[in-house]
Amino acid sequence: MNVLVVGGAGYIGSHMCLCLATAGHRVVALDNLSTGHREAVQWGELVVASLDETSVVAETLRRHEIDVVMHFAACSLVGESMQDPYRYYQNNVSSTLSLLMAMRDAGVAQFIFSSTAAIFGDPQSDQIEENHPRQPINPYGNSKLAVEMLLQDAAQAYGLRATTLRYFNAAGADPQGRIGESHTPETHLIPRLLRRAAGEDLSVQIFGTDYPTRDGSCVRDYIHVNDLAVAHLNAMEHGRSQPGFHCFNLGNGIGHSVLEVVKAAERAVGVPLDIPFGPRRAGDPATLVASSRKAREILDWTPRHDSIDRIVADAWNWHRRPAF
Ligand SMILES: NC(=O)c1ccc[n+]([C@@H]2O[C@H](COP(=O)([O-])OP(=O)(O)OC[C@H]3O[C@@H](n4cnc5c(N)ncnc54)[C@H](O)[C@@H]3O)[C@@H](O)[C@H]2O)c1
C-alpha cells in the first residue's frame with residue numbers, strides 16, 4: 001500500500017513510518033515540522049508542508065498514488081488548549097477537514113485517525129471501553145471528538161473508510177535507538193524522568209499520594225509506541241475489508257502507578273532519582289486505563305512490549321543519547 005503519514009516527523013508518526021516500511025509498504029511523510037523533526041523521517045520521503053496548504057496536500061495524494069492516510073498531526077497540549085482554543089480548532093479540526101476534502105477529491109478512501117483518551121473526560125469506570133460516554137473536559141479533547149464526529153458523518157455520506165484509534169499514554173522508543181520521543185515542552189512523565197536523569201534541569205513531582213490506588217499515586221495506561229504502530233497496521237488491514245466508521249481504544253490494559261513508573265525509571269537508569277512528592281493536581285483522575293478488549297478481538301492485536309520495564313528501558317536507550 002502507498003501510505004501518507006501526516007505528522008510523520010513527530011514522535012508516534014515517525015515510529016509509524018518505520019513500522020510501515022518494515023512491513024513492506026511505501027510511505028510518504030507530510031509534516032510542517034512545527035513540533036516534529038526532519039531527522040526522524042528515515043523511512044520514506046518527507047514533504048514539508050502544512051495541512052492548510054491544500055494544493056501541496058492534493059498534489060502529494062495524487063503524485064504518490066496514496067491508498068491510505070494516517071493522520072497524526074495535531075496540537076496536543078491540554079493546558080495550551082485551554083489558553084488558546086482557536087489554535088486547537090484550527091489545527092486539529094479545520095486542517096483535518098481540508099485534508100478529508102482533498103482525499104475525497106483525489107479518490108483516497110481510507111483514513112486512520114489518532115484520537116485520545118481525552119475524548120472521554122472524567123472516567124466513569126476503571127477500564128474505559130469504546131462505548132464510555134464521550135464528554136471531554138478541555139478544548140483538546142473537544143477538537144478530537146469533533147473530528148471523530150466528522151469521520152462518522154463522512155463514512156455515512158461519502159463512504160469513507162475511517163478508523164479512529166484512541167491512545168492513552170504512548171511511551172517507549174525504537175529499541176534500536178534510531179528515533180524516540182522529543183517534545184518541547186515535554187509534559188509526559190516517562191521522558192521527563194529520563195531527561196532529568198540524563199542531566200536536564202527539569203522538575204518532576206509525584207502529584208498526590210492519597211488516591212484510592214494500590215500505592216496512593218495515580219494509575220495510567222502506558223503503551224509502547226511500537227505496539228501502537230502495529231495496531232495502526234492491523235486497523236489498516238481491517239478497514240480494507242470492513243467499510244464504515246470504526247473506533248478502538250488502545251492501551252495495554254495494565255495500569256501502572258506513577259510510583260511504579262518512577263521505580264522502573266530508577267531500574268533502567270541504575271541510580272535513585274529522588275523524585276519529590278507533591279499535592280494532588282486539579283482534574284487528575286485516580287485511574288485511567290483502557291480496555292483494549294475490542295482491539296484484541298477485532299484487530300487481532302496484542303501489545304508485545306507491555307512490561308513497564310521494557311517500555312522505560314527502550315525510552316532510556318533513546319534519552320541517554322538522543323539524536324535530535
Ligand atoms: N503522545 C501521546 O501520548 C498521545 C496520546 C494520545 C493521543 N495522541 C495523539 O497522537 C498524535 C501524535 O502525537 P505525538 O506525540 O506523536 O505528537 P508530535 O507533536 O510528536 O507529532 C505531531 C506531528 O504533527 C506535525 N504537525 C502538527 N500540525 C501540523 C499541520 N497542520 N500540518 C502538518 N504537520 C503538522 C508536527 O510537526 C509533528 O511532527 C497527535 O494527534 C496526538 O494528539 C498522542
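**Exercise 1. Charges over rings**

Find the residue that lies over the face of tyrosine 211, and give its distance from the ring centre.

*Solution.* Arginine 280 lies over the face of tyrosine 211, at 4.1 Å from the ring centre. The model is a predicted one. Now take phenylalanine 248. Lysine 294 lies over its face, at 4.8 Å from the ring centre.

**Exercise 2. Aromatic pairs**

State how many aromatic pairs a search of the whole structure finds. Then classify the pair of phenylalanine 111 and phenylalanine 113, and the pair of tryptophan 318 and phenylalanine 324.

*Solution.* Start with the count: the search finds three aromatic pairs. One of them joins phenylalanine 111 and phenylalanine 113.

- Step 1. The ring centres of phenylalanine 111 and phenylalanine 113 are 6.4 Å apart, with 15 degrees between the planes. Planes under 30 degrees apart count as stacked. This pair is stacked.
- Step 2. Tryptophan 318 and phenylalanine 324 have ring centres 4.8 Å apart and planes at 55 degrees, so this pair is tilted.
- Step 3. Check the surroundings. Phenylalanine 111 and phenylalanine 113 are both buried. Tryptophan 318 has 1% relative accessibility and counts as buried. Phenylalanine 324, at 17%, counts as buried too. The cut-off for buried is under 20%.

**Exercise 3. The ligand and its shell**

Describe the surroundings of the ligand: which residues come nearest, which elements give two or more residues to the shell, and how the residues of the shell divide?

*Solution.* Work from single atoms outward.

- Step 1. There are 30 residues around the ligand. Asp31, Thr35, Asn91, Tyr140 and Lys144 come nearest.
- Step 2. Look at backbone atoms. A polar backbone atom of glycine 10 is 3.1 Å from an oxygen atom of the ligand. For tyrosine 11, a backbone N or O atom lies 2.9 Å from a ligand oxygen. Leucine 51 has a backbone N or O atom 3.1 Å from a nitrogen atom of the ligand.
- Step 3. Turn to cover. On its own, the ligand has 820 Å² of accessible area, and the protein covers 96% of it.
- Step 4. List the elements. Helix H1 (11–22), strand E5 (110–116), helix H5 (139–158) and strand E8 (169–171) each give two or more residues to the shell. E5 gives the most, with three residues.
- Step 5. Sort the shell by type. It holds 13 nonpolar, 15 polar and two charged residues.

**Exercise 4. Three residues to place**

For arginine 166, isoleucine 12 and glycine 253, name the element or loop. Then decide for each: buried, partly exposed or exposed?

*Solution.* Take them one at a time.

- Arginine 166 lies in strand E7 (residues 161–167). Its relative accessible area is 1%, so arginine 166 is buried. Its side chain makes a polar contact with the side chain of asparagine 249, at 3.0 Å.
- Isoleucine 12 sits in helix H1. Its relative accessible area is 16%, so isoleucine 12 is buried. Arginine 281 is 269 residues away from isoleucine 12 in sequence, and 27 Å away in space, C-alpha to C-alpha.
- Glycine 253 is in the loop between strand E11 (245–250) and strand E12 (255–257). With a relative accessible area of 25%, glycine 253 is partly exposed. Serine 292 is 39 residues from glycine 253 along the chain, yet their C-alpha atoms are separated by 6.1 Å.

**Exercise 5. Backbone exceptions**

Which residues does a cis peptide bond join? What is the phi of glutamate 65, and of aspartate 300?

*Solution.* Begin with the background. Most residues other than glycine have a negative phi, and most peptide bonds are trans.

- Step 1. Threonine 184 and proline 185 are joined by a cis peptide bond, with omega about -5 degrees. Proline 185 lies in the loop between E8 and helix H6 (189–197).
- Step 2. Glutamate 65 is not a glycine, but has a positive phi of about 45 degrees. It is in the loop between helix H2 (54–63) and strand E4 (68–71). At 58% relative accessibility, glutamate 65 counts as exposed.
- Step 3. Aspartate 300 has a positive phi, near 55 degrees. Its place is the loop between helix H9 (293–298) and helix H10 (308–319). Aspartate 300 is exposed, with a relative accessible area of 64%. The cut-off for exposed is over 50%.

Methods
Residues numbered from 1 in each chain as written. Predicted model: local features only at pLDDT ≥ 70, side-chain atom pairs only at ≥ 80, totals over all residues. Heavy atoms only, no water. Phe/Tyr/Trp six-rings, centres within 6.5 Å; stacked < 30°, edge-to-face > 60°. Buried < 20%, exposed > 50% of the residue type's maximum accessible area, 1.4 Å probe, protein only. Lys NZ or Arg CZ within 6 Å of the ring centre and 35° of its normal. Near = heavy atom within 4 Å. Polar contact = N/O pair within 3.5 Å; in protein donor to acceptor, adjacent residues only side chain to side chain. Areas by Shrake-Rupley, 256 points an atom, 1.4 Å probe, with all protein chains shown as cover. Helix = DSSP H or I, 4+ residues; strand = E, 2+ residues; numbered from the N terminus. Nonpolar A, V, L, I, M, F, W, Y, C, P; charged D, E, K, R; others polar.
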